[in-house]
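Take a slow look at the fold below. Follow the chain from one end and ask what is hidden and what is open.

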Amino acid sequence: MYLEDLYLKPEMRGKGLGKLMLSFLAKLALERKCGRLEWWCLDWNEPSIKFYKHIGAVPMDEWTVYRVHDQSLIKLSSEFD
C-alpha cells in the first residue's frame with residue numbers, strides 16, 4: 001500500500017495521532033493482503049524521519065526520485081506525436 005500524504009497540523013503533532021493513523025493503515029494493508037506500507041519523506045524532515053524510524057520504518061536509500069517538468073516535460077510529450 002502506498003501512502004501519498006500524511007499531514008498533521010503542527011498543533012496536533014505529538015499527541016499520538018500520526019501513529020494511530022499509520023496503525024490503522026497498517027491494519028488495512030494486512031487485511032488487503034499488501035506486503036508492505038510505503039511513503040516518501042523529504043530528507044531534511046528530521047522530526048518525521050525520527051518518528052518513522054521509531055515506529056520501525058526503514059529508509060529505502062537505494063531509490064532515487066526522478067522528475068520531468070517544464071521544457072523537459074513538453075519535449076518528452078512531443079515524442080508521442
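**A helix with two sides**

In helix α1, the buried residues are G18, L22, L25, L28 and A29. This is a predicted model. Look down the axis of α1: its buried residues fall within an arc of 120 degrees, so they line one face of the helix. Now turn to the face that points away from the buried side. There you find the exposed residues L20, F24, K27, L30 and E31.

How long is α1? The helix runs over residues 17–31, which makes 15 residues. From its first C-alpha to its last, α1 reaches 21 Å, close to the 21 Å expected at 1.5 Å a residue. What covers its buried residues? The cover includes α2, residues 46–54.

**The nonpolar core**

In soluble globular proteins, nonpolar side chains tend to be buried together. Here the largest nonpolar core has 5 residues in all: L3, L22, L25, L28 and Y52. Helix α1 gives the most to this core, with 3 residues.

Pick out L25, which is found in helix α1. Is L25 buried or exposed? The cut-off for buried is under 20% relative accessible area. L25 has 18%, so L25 counts as buried. Set aside its neighbours within four places in sequence, and L25 is in contact with M1, L3 and L37. Compare its position with that of K53. The two are 28 residues apart in sequence, and their C-alpha atoms are 17 Å apart in space.

**After the helix**

K33 follows α1. This residue lies in the loop between α1 and α2. Most residues other than glycine have a negative phi. K33 has a positive phi, near 65 degrees. With 76% relative accessibility, K33 counts as exposed.

Which other residue should you check for a positive phi? Try D70. Phi of D70 is near 55 degrees, and D70 is not a glycine. D70 is found in helix α3, residues 70–78. Its relative accessibility is 53%, so D70 counts as exposed.

**A tryptophan in the loop**

Go back to the loop between α1 and α2, where W39 lies. W39 has 22% relative accessibility and counts as partly exposed. What does W39 touch, leaving aside its neighbours within four places in sequence? W39 is in contact with Y2, L3, L22, Y52, I55 and A57. Among these, L3, L22 and Y52 belong to the largest nonpolar core. W39 and D5 are 34 residues apart along the chain, yet their C-alpha atoms are separated by 7.6 Å.

**The largest pocket**

Rolling a probe the size of a water molecule over the atoms shows where empty space is left. The largest pocket holds about 1700 Å³ of space. Which residues are closest to its centre? They are W39, W40, C41, L42 and Y52, out of 42 residues that line the pocket. Both α1 and α2 give two or more residues to this lining. The largest share, 7 residues, comes from α2.

Two residues tie these views together. Y52 is part of the largest nonpolar core, and Y52 is also among the residues closest to the centre of the largest pocket. W39 is another of those closest residues, and W39 is in contact with Y52.

Notes. Residues numbered from 1 in each chain as written. Predicted model: local features only at pLDDT ≥ 70, side-chain atom pairs only at ≥ 80, totals over all residues. Heavy atoms only, no water. Helix = DSSP H or I, 4+ residues; strand = E, 2+ residues; numbered from the N terminus. Expected span 1.5 Å × (residues − 1). Buried < 20%, exposed > 50% of the residue type's maximum accessible area, 1.4 Å probe, protein only. Arc of directions from axis to C-beta. Contact = heavy atoms within 4.5 Å. Core = buried A, V, L, I, M, F, W, Y, C linked by side-chain atoms within 4.5 Å. 1 Å grid on protein atoms, 1.4 Å probe; cavity = no way out; pocket = protein on both sides within 12 Å on 5 of 7 lines; lining within 4 Å. Points joined across faces, edges and corners; volume = space filled by probe spheres on them.
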